[in-house]
Number of protein chains: 2
Amino acid sequence: MSKEDHLKQAGLRTTIPRLKILEIFSNTEHKHLSAEEVYRALLEEGDDIGLATVYRVLTQFETAGLLQKNMFGDNKAVFELDSGVHHDHMICTECGKVQEFHNNDIERLQIELSKNAGFQLHYHEMNLYGCCEQCGSKKSGSN
Amino acid sequence: MSKEDHLKQAGLRTTIPRLKILEIFSNTEHKHLSAEEVYRALLEEGDDIGLATVYRVLTQFETAGLLQKNMFGDNKAVFELDSGVHHDHMICTECGKVQEFHNNDIERLQIELSKNAGFQLHYHEMNLYGCCEQCGSKKSGSN
DNA sequence: TTTATTGCAAAACCTTTGCATGTAT
DNA sequence: ATACATGCAAAGGTTTTGCAATAAA
């Protein structure tokens with residue numbers, strides 16, 4: 001589906017800011033971007049789009065299911081393209097890198113635990129914080 | 001250990017605000033409190049303690065290991081007494097109730113997955129969002 | 001032409017900080 | 001007496017909102 005179709009389907013008009021923002025998420029090597037980062041990426045491309053618009057578009061995209069919002073404890077939201085496939089995150093506290101992972105056994109246990117607690121599970125977030133492979137080897141190398 | 005001893009051990013002087021805040025966490029039925037909620041609880045008891053002090057004390061207590069800080073996606077931190085025993089949370093998105101849980105199989109899988117990814121796991125947060133037993137039965141009852 | 005979208009500035013919200021005053025040791 | 005804590009008000013960072021101007025349908 002084209003970016004335009006994505007927007008139409010979400011009931012959103014095709015506008016420059018929306019197309020550009022969608023493009024940024026499609027092209028960036030960092031899949032997880034904060035509003036500020038999206039804003040700066042737009043500026044770097046010479047696009048004159050207000051920060052308020054970025055926030056509005058990100059929220060609309062999240063509502064439309066185009067983006068997924070995550071809080072990684074740094075008090076600011078980061079967004080990523082919503083692939084439709086659920087996954088969780090490993091966040092490197094040294095370099096900020098985010099890796100995705102998925103594990104069926106954990107998911108199954110979460111459902112089971114919820115059921116046992118009389119809890120209707122709608123969704124979850126699981127964030128593992130630590131040191132990624134690159135940062136880990138850097139540190140042990142320098143010791 | 002007495003509350004005073006807790007403070008002394010943390011290198012913190014024994015002051016009214018600190019004792020009162022510790023007391024609130026010990027006595028409340030809601031274990032998970034935001035700064036604002038602590039502040040209001042103090043006001044209700046007639047204690048005239050500034051919000052800035054509440055924030056400072058909460059941060060100091062967290063650093064000292066007396067309190068544990070959690071972000072439940074609502075963009076504001078909630079604190080609970082740090083029992084020293086790790087647990088995760090189920091959060092009711094209807095009434096806000098927070099239940100704690102712990103599962104060794106999940107913890108083990110998290111460690112295993114991290115190892116396989118070359119990731120040095122330091123800590124994690126796992127939050128299950130949904131509908132607690134009470135709210136769930138209320139809803140099905142009214143349909 | 002009608003309705004949605006944008007930009008800007010202002011405000012909202014949670015949290016932190018500077019500084020003078022007050023308090024524990 | 002000294003070093004630490006507090007209160008207040010101001011400022012910080014992220015996010016939202018009011019409103020007039022603009023652009024998509």
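**View 1. Salt bridges and polar contacts between chain A and chain B.** In this predicted model, the number of salt bridges between chain A and chain B is zero. Polar contacts are present, however: 12 residue pairs across the interface qualify, both residues of each pair at pLDDT 80 or more. On the side of chain A that touches chain B, 17 residues are nonpolar, 13 are polar and three are charged.

**View 2. Buried area between chain A and chain B.** Together the two chains bury about 3000 Å². Carbon and sulfur atoms carry 63% of that area. Chain A brings 33 residues to the contact, and chain B brings 34 residues. Three residues are picked out here: A:Phe119, A:Glu125 and A:Tyr129. They provide 22% of the area that chain A buries against chain B, more than any other three residues.

**View 3. Elements of chain A that face chain B.** Polar contacts link 12 residue pairs across this interface. Five elements of chain A each give two or more residues to the side that touches chain B. They are β4 (88-92), β5 (98-101), α5 (104-116), β6 (120-131) and α6 (133-142). Of these, β6(A) gives the most, with 12 residues.

**View 4. Strand pairing across the two chains.** β6(A) pairs with strand β6 (residues 120-131) of chain B. The sense is antiparallel, and the pairing runs over 11 bridges. One of the bridges can be followed by residue: A:Gln120 has B:Cys131 in β6(B) as its partner.

**View 5. Residues around DNA strand D.** The protein places 20 residues around DNA strand D. Those that come nearest are A:Tyr55, A:Ala77, B:Asp48, B:Thr53 and B:Arg56. Of the atoms of DNA strand D within 4 Å of the protein, 68% belong to sugar and phosphate. The surface near DNA strand D holds seven nonpolar, six polar and seven charged residues.

**View 6. Phosphate oxygens of DNA strand D.** Both chains come into this view. From chain A, a polar side-chain atom of A:Tyr55 sits 2.6 Å from a phosphate oxygen of DNA strand D. From chain B, a side-chain N or O atom of B:Thr15 is 2.9 Å from a phosphate oxygen. B:Gly50 uses its backbone instead: an N or O atom there lies 3.0 Å from a phosphate oxygen of the strand. Three elements give two or more residues to the surface near DNA strand D: α4 (51-64) of chain A, and α2 (16-27) and α4 (51-64) of chain B. The largest share, four residues, comes from α4(A).

Terms used:
Residues are numbered from 1 along each chain as its sequence is written. Chains are lettered from A and ligands numbered from 1 in the order in which they are written. This is a predicted model: local features need pLDDT of at least 70, side-chain atom pairs count only at pLDDT 80 or more; totals for chains, interfaces and linings use all residues. Side-chain values use heavy atoms; hydrogens and water are left out. A residue is near a molecule or strand if one of its heavy atoms lies within 4 Å of it. A polar contact is a pair of N or O atoms within 3.5 Å; within protein, one must be able to donate a hydrogen and the other to accept it, and residues adjacent in sequence count only if both atoms are side-chain atoms. Ala, Val, Leu, Ile, Met, Phe, Trp, Tyr, Cys and Pro count as nonpolar, Asp, Glu, Lys and Arg as charged, and the others, Gly among them, as polar. Contact means heavy atoms within 4.5 Å. Buried area is the accessible area (1.4 Å probe) that two parts lose on being put together, summed over both. A salt bridge is a side-chain nitrogen of Lys or Arg within 4 Å of a carboxyl oxygen of Asp or Glu. Two strands pair if DSSP finds at least two bridges between them.
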